4 protein chains.
Amino acid sequence: MNKSERTLVVSVPEPRSLDIIFTQEQKKHLFENYEVVETTSIDFGALPEETLARVKYVIGQPPISLDLFERMGSLKCVLNVESNLINNMPYDHLFARGVHVVTTGAVFAEPVAEMGLGLALDLARGIGHANALFEVGMERWGGDGNKAARLLSGADVGIIGFGDLGRALNRLLVGFRAKVKSFDPWLPASILRENGVVPATLNEVLEQSDFVFVVAAVTSENAGFLNGESFARMRKGAAFILLSRADVVDFAALISAVESGHIVAASDVFPEEPLPKDHPVRRVQNFIKSAHRAGALDVAFKRMGDMVLEDMALMERGLPPLRCKRAERETVARMRSKPVTTN
Amino acid sequence: MNKSERTLVVSVPEPRSLDIIFTQEQKKHLFENYEVVETTSIDFGALPEETLARVKYVIGQPPISLDLFERMGSLKCVLNVESNLINNMPYDHLFARGVHVVTTGAVFAEPVAEMGLGLALDLARGIGHANALFEVGMERWGGDGNKAARLLSGADVGIIGFGDLGRALNRLLVGFRAKVKSFDPWLPASILRENGVVPATLNEVLEQSDFVFVVAAVTSENAGFLNGESFARMRKGAAFILLSRADVVDFAALISAVESGHIVAASDVFPEEPLPKDHPVRRVQNFIKSAHRAGALDVAFKRMGDMVLEDMALMERGLPPLRCKRAERETVARMRSKPVTTN
Amino acid sequence: MNKSERTLVVSVPEPRSLDIIFTQEQKKHLFENYEVVETTSIDFGALPEETLARVKYVIGQPPISLDLFERMGSLKCVLNVESNLINNMPYDHLFARGVHVVTTGAVFAEPVAEMGLGLALDLARGIGHANALFEVGMERWGGDGNKAARLLSGADVGIIGFGDLGRALNRLLVGFRAKVKSFDPWLPASILRENGVVPATLNEVLEQSDFVFVVAAVTSENAGFLNGESFARMRKGAAFILLSRADVVDFAALISAVESGHIVAASDVFPEEPLPKDHPVRRVQNFIKSAHRAGALDVAFKRMGDMVLEDMALMERGLPPLRCKRAERETVARMRSKPVTTN
Amino acid sequence: MNKSERTLVVSVPEPRSLDIIFTQEQKKHLFENYEVVETTSIDFGALPEETLARVKYVIGQPPISLDLFERMGSLKCVLNVESNLINNMPYDHLFARGVHVVTTGAVFAEPVAEMGLGLALDLARGIGHANALFEVGMERWGGDGNKAARLLSGADVGIIGFGDLGRALNRLLVGFRAKVKSFDPWLPASILRENGVVPATLNEVLEQSDFVFVVAAVTSENAGFLNGESFARMRKGAAFILLSRADVVDFAALISAVESGHIVAASDVFPEEPLPKDHPVRRVQNFIKSAHRAGALDVAFKRMGDMVLEDMALMERGLPPLRCKRAERETVARMRSKPVTTN
């Protein structure tokens, strides 16, 4: 294809890079099928007027003022590969003109769900702790080492938040005959039931589960909604696994609940990241720590590129994007994610 | 019921005890519905002649000589709750007379399968190691800590041995979209296929898997069949998870294969148990050690009692036992388990 | 609640009625929680100006001119319970202003999928035909009656169109170990794969299936896309089951393909409905006829009411609708459904 | 292999034939790997003494007297491909000597289960009846034709008998979200639960199901156990599908229950087969008749050969047979099947 006949894509994937989100083959496909202009968030607004007028897809989420948007008359879709939504463009105007805003965060669902299951099994069986004892010759054999051990199979499982991640986790649990209930205030009960999950209130999830997985996004309304009272409601010895954002939890109260021996816990997210070297959680027993590693797998990033290419291909044929998740007028303003600082 | 009308059970469940394998309620049921004589392996042969003549069920596997067996004219079933089969009774004569010999080892399938999955996820994501680093402030954040991380979802999984444990493991993997192949020389290919697993040779399993689970029993023929050559065949970086018996593996070769960086490993079983304090495996990195804790959960032992009660109830109605696994004339002599020394 | 405080709903559900789509209990809930104005398509435009200004939800799809729309300043959502989309309102303007247009057609997926499976099993086993012979004493016993019989289990199944209905059908097939492939030009391959279905071209589906299910919607582009050449590509003796709209098929060619003995067929839809008494398809053997009965179950209509109530409840809380399917700017104009004339 | 070195098989598969149960390829395999002597039930006892002494496997169930059995000193297994068990050999003596008696009836489970599901869907949706009306121009369109229609998805399903066939049926129902309960007096409750089925009494199954499938074998104890009182217990309008043997049902009472309009029914088996031309069931409406065609598919017979070959191969390696079902000392005498007269 002649360069000028090809659809124009502006690539500004910070903090990702094209090499993070595309395989060599996918990147080749991108450059062969589209005219690609690479820039940065800072330079985005300074693109030539002609480029702005022709750009159909933006890969990334550069700041876009209303004035800038109005100069982008061909814009069809912002493909946000940072995957959170920052309030840096006039979403209402984009939606009014029919411009899609989509995110690729679903790629993290499977890796995070696997990490969540791994953390749950470690809490249930003491795998990491027992290995550490074994290395120094202090292991206990057989049933002697299993006083606190229990099964996930047949257990009561609670999932707080039933978006992509909650669903991925629920799928992994299929083979466990687990009784799964979920609290998600943004979803009608019927959608939970269709996924084989019992709709429940937050208190039911807390009070009636052996394992509680937290996969809820932070919104303007739910900061710290899991607090000391919440942990007190949990079953003695139950496991609390935090996978989404630290801001939904009163972290000090969580540490107290574990230190008191009431519950055990694991978390992939922390109030500050990186965490100060002297943060008290570092030394808490029965609290497995993971340094925001649950989602950041190479294979996940590469799926972003796949989603971007598939959705651009659909839009080239006049169809709506289907693989990425669309931002909604109603909820875009409620999201409270911070910019992503590392991949 | 009048005591003398009740069916006579002799209980000699060593190394278990009735309290290990029965809940309070089950034990009450046992004593209310059967006349129970409790004894030990050593005293078993010295039971009164009248007791031997009337005993219908033996719970345990005491040594039984041919002479002793011939005095047990009412014997219908030996319910072996040690769960391995020791060559301490005249099995051929028992089978000829139609006496069932059954074991309760299936109770361990689910706990061992969960431990196996937990070990696999820990190898895939470095959960225990990362937690240890986190505790001392040396954690790496996000993708930086995930260089070797990978997914089980969609992976090539090999299962060596497809008995109760292999099947339990395969069920847990349902939600992972994994491509599972299995090598089991004792099973026809069609049974593997019916379970959704691809029949494979041992070499295919070794060469074409990202995760290899070993759940094969030890027989007179397969000691050390997984050796240095086997590990060399495995994919670079693949995970080897040993869950059944250490005797199927050349353990020194396994340690070498992990130390060389070719594979990573986890094991619940060891050549000697307990293991000497200075055994080299203790210090091997990328080798998760579990001190024979995979099966020995209280919940598993209690299921033994449930199986025993259900099968005795079937036999009381003139039906064959169905829940416990029956020893087979053909294979009873090939098994090479050692007596169980701890619960 | 005071009437005037309640959200205003205008109900114009033709050709449905509130009693068709709501249970008594749901209808009570509707009237207690909303102010409901009932009208007809013809009278809709003549509603008082104050009513038009206040209406937030329209249940139905009355004709709405641009002028009328501009007087409906509070409109948030058109809940189309006819479930097809007719080009009788200024969709672009609705979308621009952020008004949702949603349909409830997903309620038909499960009933239609069950009918489709029933038709397939009847074609595979000759159930209806054998019963008719039995009634007149001409039945053939055992294998003699099974010359053309075959299994669905393990068969090659092709699904043309993988929307709600294709997915419902695919779910019903889970227990059949069937190898399912699907052609859907509106979906990226990855979505088919995520549903456990192999993406395929139309010709692959036709040429490599024992059972072909057609569940594709009619669009401006695909009228008659399954024609004589398509049927000729099918395997000898394969089954063709038409469940969506007759317009996607060259019906005369389908009849010929069945009459020639090349394939067998079943259809729930016909070029004219009702069909002339003398239409040739009536007498074709190996062609099971169903008079557009696949979806029209009372239980399906009642689910419409459930979806409407759940989505209005979400929107009352400021959230987007989730249960009904949203019309898309890109595709609304391509749909070619006729108005529904019967329930 | 030299002929005399090969294992000797006597083939007497009446009423089957080797060509019915083996594909060409399998038959070739059989004759290349075994020395095969073909005979008939009548001539079996007249085989040369040397043949009797060497025969290791019998394919079929010829009459075997105790005297004859004692001359068959190498006999290892009777592979009964008629699949029912007739009381024509000294089973106790076979079992005492460790000779396996196995049957291949499991091959019918899948075909019968599919037919059962097809009959259930036809009863639920009136497929055959509606097609007959359509052919004569009397069809009713849309909802008008669906007054009695209902869904299997989400329905209460009862299964009477949970052997191979009950399990096959339960597997087919996986995609229907059905609530399945089962009555099987020969199985412990835990086995039903492991299969995801709720254990129930016979009356619970009858009283609380929308669809009742009867797949129980006839024994010396259960003839006619489903009678007028049973049908009266069923829900108004519920469906009764008989798939195993007519002798478990009081057939006249079943006809009455359908004629009265209380239930609808389908049956693959009848008190006499073939059935007299004037039998009243022929004219009963809402009673779908199938002339013992549910199992007798060519593909099922060919699986028999596959099972026979796989199990002989296991036994050649000193392992027990695994694919065929073994007759049990306890239950062999209770079975009451008649000889099979047609394939």
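**Chain contacts, sheets and helix packing in a predicted four-chain model**

Of the interface residues of chain D, 100% are also interface residues in chain C, so the copies meet through the same surface; two residues are in contact if their C-beta atoms, placed from the backbone, lie within 7 Å. The structure is a predicted model, in which local features need pLDDT of at least 70 and side-chain atom pairs count only at pLDDT 80 or more, while totals for chains, interfaces and linings use all residues. Residues are numbered from 1 along each chain as its sequence is written, and chains are lettered from A and ligands numbered from 1 in the order in which they are written.

Two copies of a chain are related by a rotation about an axis and a shift along it. For chain D and chain C, a turn of 180° and a shift of 0.0 Å along the axis lay chain D on chain C with an RMSD of 0.0 Å (copies are superposed by least squares on the C-alpha atoms of residues with pLDDT of at least 70 in both). That is the relation of a two-fold axis. The residue of chain D that comes closest to the rotation axis is D:Gly128, with its C-alpha at 2.1 Å.

The contact between these two chains involves 51 residues of chain D and 51 residues of chain C. On the side of chain D that touches chain C, at least two residues each are supplied by helix H7 (109-125), helix H8 (127-135), helix H9 (164-172) and strand S12 (287-289) of chain D. Here helices (H or I, at least four residues) and strands (E, at least two) are DSSP runs, numbered from the N terminus. H7(D) gives the largest share of this side, ten residues. By class, the side of chain D that touches chain C comprises 23 nonpolar, 14 polar and 14 charged residues; Ala, Val, Leu, Ile, Met, Phe, Trp, Tyr, Cys and Pro count as nonpolar, Asp, Glu, Lys and Arg as charged, and the others, Gly among them, as polar.

Chain B is superposed on chain A (RMSD 0.0 Å) by a rotation of 180° with 0.0 Å of shift along its axis. The C-alpha of chain B nearest the axis belongs to B:Gly128 and lies 2.1 Å from it. In this pair the same surface serves both copies, as 100% of the contact residues of chain B recur in chain A. The contact takes 51 residues from chain B and 51 residues from chain A. Helix H7 (109-125), helix H8 (127-135), helix H9 (164-172) and strand S12 (287-289) of chain B each contribute at least two residues to the side that touches chain A, and the largest share, ten residues, comes from H7(B). The side of chain B that touches chain A has 23 nonpolar, 14 polar and 14 charged residues. Chain B and chain C are joined by no contact, and their closest C-alpha atoms lie 9 Å apart. No contact joins chain A and chain D either, with the closest C-alpha atoms again 9 Å apart.

Within chain B, seven strands form an open sheet in the order S8-S7-S6-S9-S10-S11-S12, with parallel pairing (two strands pair if DSSP finds at least two bridges between them). Strand S8 (198-199) and S12 of chain B are the edge strands, each pairing on one side only. Strand S9 (residues 211-214) and strand S10 (residues 239-242) of chain B run parallel and are joined by four bridges. B:Phe211 has B:Ala239 in S10(B) as its bridge partner.

In chain C, an open sheet of six strands has the order S2-S1-S3-S4-S5-S13, and its pairing is mixed. Strand S2 (35-38) and strand S13 (325-326) of chain C stand at the edges with a single partner strand each, so one side of each is left without a neighbour in the sheet. Strand S1 (residues 8-12) and strand S3 (residues 55-60) of chain C pair in the parallel sense over five bridges, with C:Val10 opposite C:Val58 in S3(C). H14(C) packs on this sheet, where it touches S3, strand S4 (77-80) and strand S5 (100-103) of chain C, and its direction makes about 170° with that of S4(C). Axes are lines fitted to C-alpha atoms, for helices over the stretch in contact, and angles run from 0 to 180 degrees between N-to-C directions.

Helix H14 (residues 298-316) of chain C also meets helix H2 (residues 24-33) of chain C: the two axes come within 10 Å and cross at roughly 30°. That makes H2(C) roughly parallel to H14(C) (angles under 35 degrees count as roughly parallel, over 145 as roughly antiparallel, 65 to 115 as roughly perpendicular and the rest as oblique). The contact is formed by C:Gln26, C:His29 and C:Leu30 of H2(C) with C:Gly305, C:Asp306 and C:Leu309 of H14(C). By class, these are two nonpolar, three polar and one charged residues.
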